[in-house]
Amino acid sequence: MHRLRVWLAALSLVCSACAATPYYADLPMTPTRGIAESEDALRRGDYATAVSGFTDYLATGQSTFRARAFYQLAQAQYGMESYEAALATLADMQAEFPTSGPQADVLRGDIYYAMGRRTDAIVAWQDAWKVGTDSDRAFIRNRIQEAAGDLTPAQRSVLADQLTDAQVREILGLGAPNELGASGGEPLPGQLTGKAAEAESEADAAAGYAALEADTPPPADLAAGDALATGVRVAALLPLTGPDKAQGQRALSGLRLAFDGTERMLVVRDTADQADLAAQLADALASEPNVIAIIGPLSPSTAAAVAPLAERLQLPTLLLAGGSNLAGAFVLQPGASARTTSPDFATRFRTANGYDPGSTETAAYDAGLAVREAIAGGAHSRGALLAALRKSDGSAER
């Protein structure tokens, strides 16, 4: 954790320097009180307070400090070791601000590195290197050099194929890339080349198309894509840190599979399995008109804090806490709230992914698929979504 805080402090310094560049040139010099207090909490290492403050600001929809709030929310989540949530926040930021400069890619690399995904980390740092200034690159160089000593031979081999920037390759001691961006050299034993490789690729593609045509199609991606284009979002309240983080990660895995192809529709928030934080996050999400549903939380204590709030705020919520008995007009119970319209497809899907009935992944997948199907059917508001969910599942009693 000490190393994590040192890296955060250093990253804050380099991004303060970046703030003087055109990346944040349109921002006023003085932040709002809420942003200032959240930034102070971030500097003090009070990450939970910072997460709450930045989340509240983003929920207002104000644009003045929006990019700044996204970035520093991701920093705070990183400080809490809520890595999946931080990556989701960075994805949200870059969807709205695609030219926000190198700092997001630097932080993404740091998160990947903390997760043990070393090759992904260096690829992200390369992305930052390509758009960074000389001072940014001096900082990034230190990152890459520090990580280089931890790379296994297999990871170096992967990077030799993936990295395209000559300077980054030089830092790692890799050879020059060929015209396709991969390292030169002889093919690996058993590796096909030339026409044999082309024939195998065509055969693989044909087999893939045949498998898609034989399977029951998933929910209408076009309709879900239209919903995403209009800004419709679904929030996931999960414990990505704390004692139940393993369960939270499993639930997130199931949700991402349910929203496969439209993952950007998901807004992931880490409850850290804390009832107060879960309630604060739900309250902030209810203030965002484009968030039309919550899936989660997982534990009875966090569900008990969120359910009455969801009822009062009239925000459809699909609880993943088994046996909590908190169903209401806007709160649906686990299992009862998630029946797909393609049961055969869902059964094959669960089997293919190793999900047993009753598992956390299955419950989250079913809940996510129920919401996605409703959205694909045109339920682009809270009321329409609630009606669609109750119509498709008569067992979700009030």
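This passage walks through a predicted model of the protein, from its confidence and overall make-up to its sheet, one of its helices and its salt bridges.

Confidence first. The mean pLDDT of the protein comes out at 75, with 70% of the residues reaching 70 or more. That average hides some spread: helix 1 (residues 2-18) has the lowest confidence, at a mean of 42, while strand 4 (residues 317-318) has the highest, at 94. Two stretches deserve a caveat. Over residues 1-29 the pLDDT stays under 50, and the model has 56 contacts there beyond four places in sequence. Residues 178-192 also stay under 50, and for this stretch the model has 17 contacts beyond four places in sequence.

As for overall make-up, the protein has 18 helices and five strands. Of its 398 residues, 50% are buried. If one takes the contacts between residues at least 6 apart in sequence, 64% of them join residues at least 24 apart.

The five strands come together in an open sheet, ordered 2-1-3-4-5, with parallel pairing. Strand 2 and strand 5 (331-332) sit at the edges with a single partner strand each, so one side of each has no neighbour in the sheet. Strand 1 (residues 233-238) pairs on one hand with strand 2 (residues 266-270), in the parallel sense and over five bridges. Here Val234 stands opposite Leu266 of strand 2. Between these two strands the chain passes through helix 13 (residues 245-258), making a right-handed β-α-β crossover. Strand 1 also pairs with strand 3 (residues 291-295), again in the parallel sense, over four bridges. In that pairing Val234 stands opposite Ala293, and Ala235 stands opposite Ile294.

How covered is strand 1? Six of its six residues are buried. Both faces take part: Arg233, Ala235 and Leu237 are buried on one side, and Val234, Ala236 and Leu238 are buried on the other. Val234 and Ala235, already met in the strand pairing, thus belong to opposite faces of strand 1.

Among the helices, helix 8 (residues 134-148) offers a simple check on geometry. With 15 residues at 1.5 Å a residue, helix 8 should span 21 Å, and its end C-alpha atoms lie 20 Å apart, which agrees. Its buried residues are Asp136, Phe139, Ile140, Arg143, Ile144, Ala147 and Ala148. Spacings of three or four recur in that list, and an α-helix has 3.6 residues a turn, so residues three or four places apart point the same way.Turning to charged side chains, the structure holds eleven salt bridges. One of them joins Glu96 to Arg66, with the closest N and O atoms 2.8 Å apart. This pair links distant parts of the chain, since Glu96 belongs to helix 5 (residues 83-96) and Arg66 to helix 4 (residues 66-79), 30 residues apart. Glu96 counts as partly exposed, at 39% relative accessibility, whereas Arg66 is buried, with a relative accessible area of 15%.

Another salt bridge spans a stretch of 172 residues in sequence: Glu84 lies in helix 5 and Arg256 in helix 13, so the pair ties those two parts together. The N to O distance between the side chains of Glu84 and Arg256 is 2.7 Å. Glu84 is buried, its relative accessible area being 14%, while Arg256 is partly exposed at 29%.

Within helix 6 (residues 103-114), Arg108 and Asp105 lie three residues apart, about one turn of the helix. These two side chains form a salt bridge, with 2.7 Å between the closest N and O atoms. Both partners are covered: Arg108 counts as buried at 13% relative accessibility, and Asp105 counts as buried at 12%. Elsewhere, a network of salt bridges links Asp40, Arg43, Arg44 and Asp46.

Technical notes:
Residues numbered from 1 in each chain as written. Predicted model: local features only at pLDDT ≥ 70, side-chain atom pairs only at ≥ 80, totals over all residues. Heavy atoms only, no water. pLDDT = per-residue confidence, 0-100. Contact = heavy atoms within 4.5 Å. Buried < 20%, exposed > 50% of the residue type's maximum accessible area, 1.4 Å probe, protein only. Pairing = 2+ DSSP bridges. Right-handed = clockwise from strand over helix to strand, strands pointing away. Expected span 1.5 Å × (residues − 1). Salt bridge = Lys/Arg side-chain N within 4 Å of Asp/Glu carboxyl O.
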